[in-house]
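Here are my notes on this entry, as numbered points. Please read them with the structure open.

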Amino acid sequence: MDDSSRDISDLYELAFESALEGIAIADLQGELRSVNAAFIDMWGYDEDEVVGRSVTEFWDDPAEAASVAANVTEHGKWEGTLVAETKDGSAFEAAVSASVVTNEGGEPTHIMSSFIDVSDRVSRERELQLKNEQLEQFAGVISHDLRNPLQVARGRVELAQTGDKSEHLPAAVSALERANTILDDVLTLAREGEKVGDTEPVDLAAVVDTCWNTVDTKAATLSSETDRTIRADRSRLKQLIENLFRNAVEHGGDDVTVTVGDLEGGFYVMDDGPGIPEANRERVFEAGYSTDGEGTGLGLQIVSEIATAHGWDVRVSDEEDDEARFEITGVEFSGA
């Protein structure tokens with residue numbers, strides 16, 4: 001072997017031993033020939049306890065491991081997740097990438113596999129899936145078991161109003177409408193949370209106009225000063241803007257002027273109402289916080305959840321005391 005070949009061989013050996021992921025080399029019959037230090041650390045064996053044994057012996061389900069080994073031999077590679085069994089009998093989830101190694105003539109000679117411990121990630125994914133399933137179940141129960149009686153109660157109250165001029169009935173209707181609004185917001189948080197679908201180029205001005213026509217804006221005025229196209233989940237962006245519009249009308253008054261404009265890295269939604277006291281600006285995105293007795297206290301939390309899901313930041317500007325200005329930054333512009 002000449003010096004250059006020896007240098008390359010030494011580099012390969014160094015990379016093999018210093019790799020952070022576990023690496024194992026087996027012959028075509030699945031017998032281990034070499035493993036690196038990371039493999040030893042992950043499984044807890046000494047190297048002489050590993051070399052010469054079948055690769056199937058190091059997994060919680062040897063039959064599944066044998067099937068994977070056969071798949072690699074037949075198709076040349078395999079990637080997936082298996083449950084590993086360590087020397088002390090404990091287990092961990094391993095992301096496996098295995099492929100056939102060939103010689104210069106293209107003939108298969110060995111199988112090389114790499115392993116990464118993904119137990120924490122898998123555990124988080126399972127926990128999140130369980131949480132989402134529980135939230136969906138909760139949302140379904142709330143939607144069915146609470147909304148139906150509310151609708152019945154509202155219908156009965158409206159019928160009663162036709163023949164009874166009691167001063168208490170309008171208050172009952174208002175309370176039922178508020179209960180339905182709270183229910184809608186709770187269901188939005190439970191079912192959507194910090195989730196977005198596929199993002200796409202969205203004409204911000206067009207979405208703003210649509211939202212303005214959707215929300216009950218009383219006698220308020222819209223000033224749209226944006227010409228941006230941003231990348232977003234269109235449906236969730238609409239929810240964000242609609243909630244900011246509702247917040248402006250609820251707190252700024254029926255004849256408030258709402259402005260949507262561009263800023264560096266994003267856009268803003270501002271109203272010329274009384275503004276948000278400096279002491280309250282850090283709390284407005286908290287669940288249930290509202291200075292308006294008619295509000296649910298959930299609208300701005302929904303705004304925060306949607307922004308976070310997109311990877312955006314949302315804040316209340318502290319530049320003006322007599323205006324409420326919400327700034328959304330970290331936004332990706334289409335074509336950028």
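How many bridges join strand β9 to strand β10, and do they run parallel or antiparallel?

1. Six bridges link the two strands, and the pair is antiparallel. Strand β9 covers residues 257–263, and β10 covers residues 266–271. For a single register point, take Gly261: its bridge partner in β10 is Tyr268. Keep in mind throughout that this is a predicted model.

2. The pair belongs to an open sheet of five strands. The order is β7-β9-β10-β12-β11, with mixed pairing. The edges are β7 (221–225) and β11 (313–316). Each has a single partner strand, so one side of each is left without a neighbour in the sheet. On average, neighbouring strands are turned by 15° against each other, direction ignored.

3. Which helix packs on this sheet, and which strands does it touch? Helix α6, residues 204–214, does so, touching β7, β9 and β10. Its direction makes about 170° with that of β7.

4. Now the β11 edge. Four bridges join β11 to β12 (residues 324–329), and these strands run antiparallel. Within that pairing, Val314 has Ile328 of β12 as its bridge partner.

5. Which residues of β11 lie on its covered face, and which on its uncovered one? Val314 and Val316 make up the covered face. Asp313 and Arg315 make up the uncovered face. The general rule is that side chains in a regular strand alternate between the two faces of the sheet. The β11 residues can be read against that rule: 314 and 316 on one face, 313 and 315 on the other.

6. Helix α7 deserves a look from end to end. It runs over residues 234–252, 19 in total. From first C-alpha to last it reaches 26 Å, close to the 27 Å expected at 1.5 Å a residue. At the N-terminal end, Asp233 acts as a cap. A side-chain oxygen of Asp233 lies 3.1 Å from the backbone nitrogen of Ser235. After the helix comes Gly253, with a positive phi near 105°.

7. Last, the chain as a whole. It has eight helices and 12 strands. Of its 336 residues, 37% are buried. Among contacts with a separation of 6 or more, 59% are between residues 24 or more positions apart. The accessible surface comes to about 18,900 Å². Carbon and sulfur atoms hold 47% of that surface.

Note on methods:
Residues are numbered from 1 along each chain as its sequence is written. This is a predicted model: local features need pLDDT of at least 70, side-chain atom pairs count only at pLDDT 80 or more; totals for chains, interfaces and linings use all residues. Side-chain values use heavy atoms; hydrogens and water are left out. Two strands pair if DSSP finds at least two bridges between them. Axes are lines fitted to C-alpha atoms, for helices over the stretch in contact, and angles run from 0 to 180 degrees between N-to-C directions. Contact means heavy atoms within 4.5 Å. Buried means under 20% relative accessible area, exposed over 50%, partly exposed in between (1.4 Å probe, protein chains only). The expected span of a helix is 1.5 Å times one less than its number of residues. A polar contact is a pair of N or O atoms within 3.5 Å; within protein, one must be able to donate a hydrogen and the other to accept it, and residues adjacent in sequence count only if both atoms are side-chain atoms. Accessible areas come from the Shrake-Rupley method with a 1.4 Å probe; for residues, only the protein chains shown count as cover.
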